[in-house]
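New to this one? Here is a short tour to read with the model open beside you.

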Amino acid sequence: MTAADRQAHWEGVYTTKAETEVSWYEDTPELSLALLHEAGLTPDMSVIDIGGGTSRLVDALEALGQAHVTVLDLSAAALETAKARLANADLVRWIAADVTAWIPDRQYDLWHDRAAFHFLTTAEEQEAYVRVLVHALKDGGKAVIGTFAPDGPETCSGLPVARYDAESLQAVLGARFKLAATRRYQHITPWGSVQNFQFSTFEKVGGANALA
């Protein structure tokens, strides 16, 4: 799937379905918040939510008084929906972009990705994501990445996904990242089905930050 096809797909999803009509909807991002806190979240840290879409994580971070929050998603429509919920939407940086082609202009303390990376199913897409992650995350920063587990769904939103455990995700991220924590999680969709996820936290180790 080309970048243009991916963007068209997600714009279609977010312009035709309500927030509660997508399988990844959750009322409160309890696990994401817990994992960010375990990764060392403090109010002065900069946080980026990759594939944030209409997720309520940005609401929760704003409620905590987080100083620097960025939300990146392919779908501009999704970001507009999220903006409309927030009284202080202007305090958040909103980026409509494909993460594999995005060029960060700053570095972040924490990178959060709940179910975006697993839609990248080719080595080229995965390598592009990792290059951006290396560039965008500070040395010593943490990346919290959630994907479908090996026994999770094989498709989502009509698209194929790549499934991971912590070790196979570590292999894709490479030597610049060190596994710090991992856990399995069962997400219950709005219609009551169970999806098996794994969430892993990685620390970026020192080295050159330049995109390659």
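## A helix across the strands

Let's start with helix 6 (residues 166-173), which lies across strand 5, strand 8 and strand 9 and runs at about 45 degrees to strand 9. Keep in mind as you look around that this is a predicted model.

## The sheet

Now for the sheet itself. Seven strands make up an open sheet, in the order 3-2-1-4-5-9-8, and their pairing is mixed. Its edge strands are strand 3 (92-96) and strand 8 (177-188), each of which pairs on one side only. From one strand to the next, the twist averages 15 degrees.

A bit of background helps here: strands of a sheet pair through backbone hydrogen bonds, and they can do so in a parallel or an antiparallel way.

## Strand 5 and its neighbours

Strand 5 is a good place to see both kinds of pairing. With strand 4 (residues 108-114), strand 5 pairs in the parallel sense over six bridges. With strand 9 (residues 194-204), strand 5 pairs in the antiparallel sense over seven bridges. Try finding I145 in strand 5: D113 stands opposite I145, and I145 also stands opposite S200 in strand 9. For V144, the bridge partner in strand 9 is T201.

How does the chain get from strand 4 to strand 5? Strand 4, helix 5 (residues 123-136) and strand 5 together make a right-handed β-α-β unit. Strand 5 is also mostly covered, with nine of its twelve residues buried.

## A closer look at T147

Zoom in on T147, which sits in strand 5 (residues 137-148). Is T147 buried or exposed? T147 counts as buried because its relative accessibility is 0%, and the cut-off for buried is under 20%.

So what does T147 touch? Leaving aside residues up to four places away in sequence, T147 is in contact with F117, H118, Y164, F197 and Q198.

## Helix 1 and its two sides

Next, swing over to helix 1 (residues 3-16). At 1.5 Å a residue, its 14 residues should span 20 Å, and the end C-alpha atoms are indeed 20 Å apart, which agrees.

Which residues of helix 1 are buried? They are R6, W10, V13 and Y14. These buried residues cover an arc of only 85 degrees around the axis, so they sit on the same side of helix 1. They pack against strand 2 (68-73), helix 4 (76-85), helix 5 and strand 7 (159-160). Turn to the face of helix 1 that points away from the buried side and you'll find the exposed residues A4, A8, T15 and T16.

## A stop at A60

Last stop: A60, whose place is in helix 3 (residues 57-63). A60 has a relative accessible area of 16%, and since buried means under 20%, A60 is buried.

What does A60 touch? Not counting residues up to four places away in sequence, A60 is in contact with P29 and L33. Have a look at T28 too: A60 and T28 are 32 residues apart along the chain, and their C-alpha atoms are separated by 8.0 Å.

How values were computed:
Residues are numbered from 1 along each chain as its sequence is written. This is a predicted model: local features need pLDDT of at least 70, side-chain atom pairs count only at pLDDT 80 or more; totals for chains, interfaces and linings use all residues. Side-chain values use heavy atoms; hydrogens and water are left out. Helices (H or I, at least four residues) and strands (E, at least two) are DSSP runs, numbered from the N terminus. Buried means under 20% relative accessible area, exposed over 50%, partly exposed in between (1.4 Å probe, protein chains only). Contact means heavy atoms within 4.5 Å. Two strands pair if DSSP finds at least two bridges between them. A crossover is right-handed if, with the strands pointing away from the viewer, the path from the first strand over the helix to the second runs clockwise. The expected span of a helix is 1.5 Å times one less than its number of residues. The arc is that of the directions from the helix axis to the C-beta atoms. Axes are lines fitted to C-alpha atoms, for helices over the stretch in contact, and angles run from 0 to 180 degrees between N-to-C directions.
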